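Colleague: I would like a close look at a single part of this protein. Please take one buried position and work outwards from there.

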Amino acid sequence: MFKTYRNLKRLHSLYEQNFILVNKISGELNKKNSYTFQVGEKNSDSSVTVSRKKLSKFTDELEFLIEDITNIKNLAITCRLYKEAMMMEVIEFQNFHKDLLSLFDVKNINLQKDERYQWNLFINQFLNYSIRHGRAKKNYLPSWIQ
């Protein structure tokens, strides 16, 4: 029972980290229900589109569409954002494969029967990567500043 509690606590901690990270990149989501940014090298950009659907006063659904540069496997990740609890969890992950985890520097990943931890760990690492290396597709500065 203690091991189950520890695993649940670790998963909830990851949900809370994801909520903080998505709030760092969601400035445009507060103005519009969708925005796009780029990640990756300058010569091989990958486009990421984040769209928001309001489910209730305290719950939103975010969809991340991550375009694959080679157009072989685009990723679609659906997340549920709980504003009151300050958590974000991945509820659906299309085209997920365990080899995707090798993209990031993560130590001691144990593949589990429950993929929720793996999905949320991936979005956590992806959001961290996007914060460090993401670029806007448009210039959001007002015209009088440019």
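Modeller: Start with N124, which is buried, with a relative accessible area of 4%. Buried means under 20% relative accessible area, exposed means over 50%, and partly exposed lies in between, with a 1.4 Å probe and protein chains only. This is a predicted model, in which local features need pLDDT of at least 70, side-chain atom pairs count only at pLDDT 80 or more, and totals for chains, interfaces and linings use all residues. Residues are numbered from 1 along each chain as its sequence is written, and side-chain values use heavy atoms, with hydrogens and water left out.

N124 sits in helix α2, residues 116–133. Helices (H or I, at least four residues) and strands (E, at least two) are DSSP runs, numbered from the N terminus. Leaving aside residues up to four places away in sequence, N124 touches L14, Q17, N18 and L21. Contact here means heavy atoms within 4.5 Å.

Now the neighbour, I123. With residues up to four places away in sequence again not counted, I123 touches N18, F64, I77, C79, M88 and V90. N18 thus appears in the contacts of N124 and in those of I123.

I123 also belongs to the largest nonpolar core, which has 24 residues. V48, F64, I77, C79, M88, I123 and L127 have the most contacts inside this core. A nonpolar core is a set of buried Ala, Val, Leu, Ile, Met, Phe, Trp, Tyr and Cys residues joined through side-chain atoms within 4.5 Å. At least two residues of this core come from each of α1 (2–25), β1 (34–41), β2 (44–54), β3, β4, β5 and α2. Helix α2 gives the most, with five residues. Another core, of six residues, lies apart from it; L11, Y15, M87 and Y117 are among them.

Next, the strands. Strand β3 (residues 59–66) is mostly covered, with six of its eight residues buried. β3 runs antiparallel to β4, and eight bridges join them. Two strands pair if DSSP finds at least two bridges between them. E61 has R80 in β4 as its bridge partner. Strand β4 (residues 75–82) is in turn joined to strand β5 (residues 87–94) by seven bridges, also antiparallel. C79 stands opposite V90 in β5. Four residues lie between the strands of this hairpin, where M86 takes a positive phi near 55°.

Last, the whole chain. Two helices and six strands make up its secondary structure, in the order α-β-β-β-β-β-α-β. Of its 146 residues, 36% are buried.
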